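Student: I've got a structure to go through and I'd like to talk it over. Can we take it piece by piece?

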Amino acid sequence: MDFGMPVLIENKSIKDNIALCRRLRLDFLELNMNLPEYQADRLENTDYFRKLAEKAGIMKKLLSKCF
């Protein structure tokens with residue numbers, strides 16, 4: 001079973017959310033598309049988010065299950 005967390009509006013950036021996710025030893029971070037920084041027009045650069053997740057060591061399990 002994988003455990004994750006939603007992005008928190010209290011954190012100022014995706015990097016802050018990833019850092020918290022790592023500190024809590026969670027497996028994934030759920031992006032909230034209701035927040036402006038995670039809406040479709042801002043998510044066009046998926047490579048940036050994928051690289052951040054890979055560097056942080058999160059999403060590996062989920063990505064391996066999906067692909």
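Tutor: Sure, and one definition will come in handy: a residue counts as exposed when its relative accessible area is over 50%, and as buried when that area is under 20%. Keep in mind that this is a predicted model.

Student: Then let's use it on Arg25: buried or exposed?
Tutor: Arg25 is found in the loop between H1 and strand S2, residues 28–30. Its relative accessibility is 75%. The cut-off is over 50%, so Arg25 counts as exposed.

Student: And what is phi of Arg25 near?
Tutor: Arg25 is a residue other than glycine, and its phi is positive. The value is near 60°.

Student: Let's zoom out. In what order do the elements of the protein run from the N terminus on?
Tutor: The secondary structure comes to three helices and two strands. From the N terminus on, the elements run β-α-β-α-α.

Student: How much of the protein do buried residues make up?
Tutor: For the outside, the accessible surface comes to about 5,200 Å², with 54% of that belonging to carbon and sulfur atoms. For the inside, there are 67 residues in the protein, and the buried share of them is 28%.

Student: What share of the contacts between residues at least 6 apart in sequence join residues at least 24 apart?
Tutor: Phe3 and Asp27 make a handy example, being 24 residues apart along the chain with C-alpha atoms separated by 5.5 Å. Phe3 sits in the segment before S1, and leaving aside neighbours within four places in sequence, it is in contact with Leu26, Asp27 and Phe28. Over the protein, the share is 49%.

Student: Next, Met5: buried or exposed?
Tutor: Met5 lies in strand S1, residues 4–6. Not counting residues up to four places away in sequence, Met5 touches Asn17, Leu20, Cys21, Leu24, Leu26, Phe28, Leu29 and Glu30. Its relative accessible area is 8%, and the cut-off is under 20%, so Met5 is buried.

Student: How far apart are the C-alpha atoms of Met5 and Leu20?
Tutor: Leu20 is one of the residues that Met5 touches. Along the chain the two are 15 residues apart, and their C-alpha atoms are separated by 9.3 Å.

Student: What about Leu43, buried or exposed?
Tutor: Leu43 is placed in the loop between S2 and H2. Setting aside neighbours within four places in sequence, its contacts are Leu31, Met33, Tyr38 and Phe49; for Met33, 10 residues away in sequence, the C-alpha to C-alpha distance is 9.4 Å. Relative accessibility is 16%, so Leu43 counts as buried.

Student: Now the helices. How does H1 run relative to H2, roughly parallel or roughly antiparallel?
Tutor: The axes of H1 (residues 14–23) and H2 (residues 46–56) come within 10 Å and cross at roughly 30°. Angles under 35 degrees count as roughly parallel. That makes H1, relative to H2, roughly parallel.

Student: Is that crossing left-handed or right-handed, and which residues of H2 make the contact?
Tutor: The crossing of H1 and H2 is right-handed. On the H1 side, the contact is made by Ile14, Lys15, Ile18 and Arg22. On the H2 side it is made by Tyr48, Phe49, Leu52, Ala53 and Ala56.

Student: How many residues of that contact are nonpolar?
Tutor: In the contact of H1 with H2, two residues are charged and no residues are polar. The nonpolar ones come to seven.

Technical notes: Residues are numbered from 1 along each chain as its sequence is written. This is a predicted model: local features need pLDDT of at least 70, side-chain atom pairs count only at pLDDT 80 or more; totals for chains, interfaces and linings use all residues. Side-chain values use heavy atoms; hydrogens and water are left out. Helices (H or I, at least four residues) and strands (E, at least two) are DSSP runs, numbered from the N terminus. Buried means under 20% relative accessible area, exposed over 50%, partly exposed in between (1.4 Å probe, protein chains only). Contact means heavy atoms within 4.5 Å. Accessible areas come from the Shrake-Rupley method with a 1.4 Å probe; for residues, only the protein chains shown count as cover. Axes are lines fitted to C-alpha atoms, for helices over the stretch in contact, and angles run from 0 to 180 degrees between N-to-C directions. Angles under 35 degrees count as roughly parallel, over 145 as roughly antiparallel, 65 to 115 as roughly perpendicular and the rest as oblique. A crossing is left-handed if the near helix is turned anticlockwise from the far one by less than a right angle, and right-handed if clockwise. Ala, Val, Leu, Ile, Met, Phe, Trp, Tyr, Cys and Pro count as nonpolar, Asp, Glu, Lys and Arg as charged, and the others, Gly among them, as polar.
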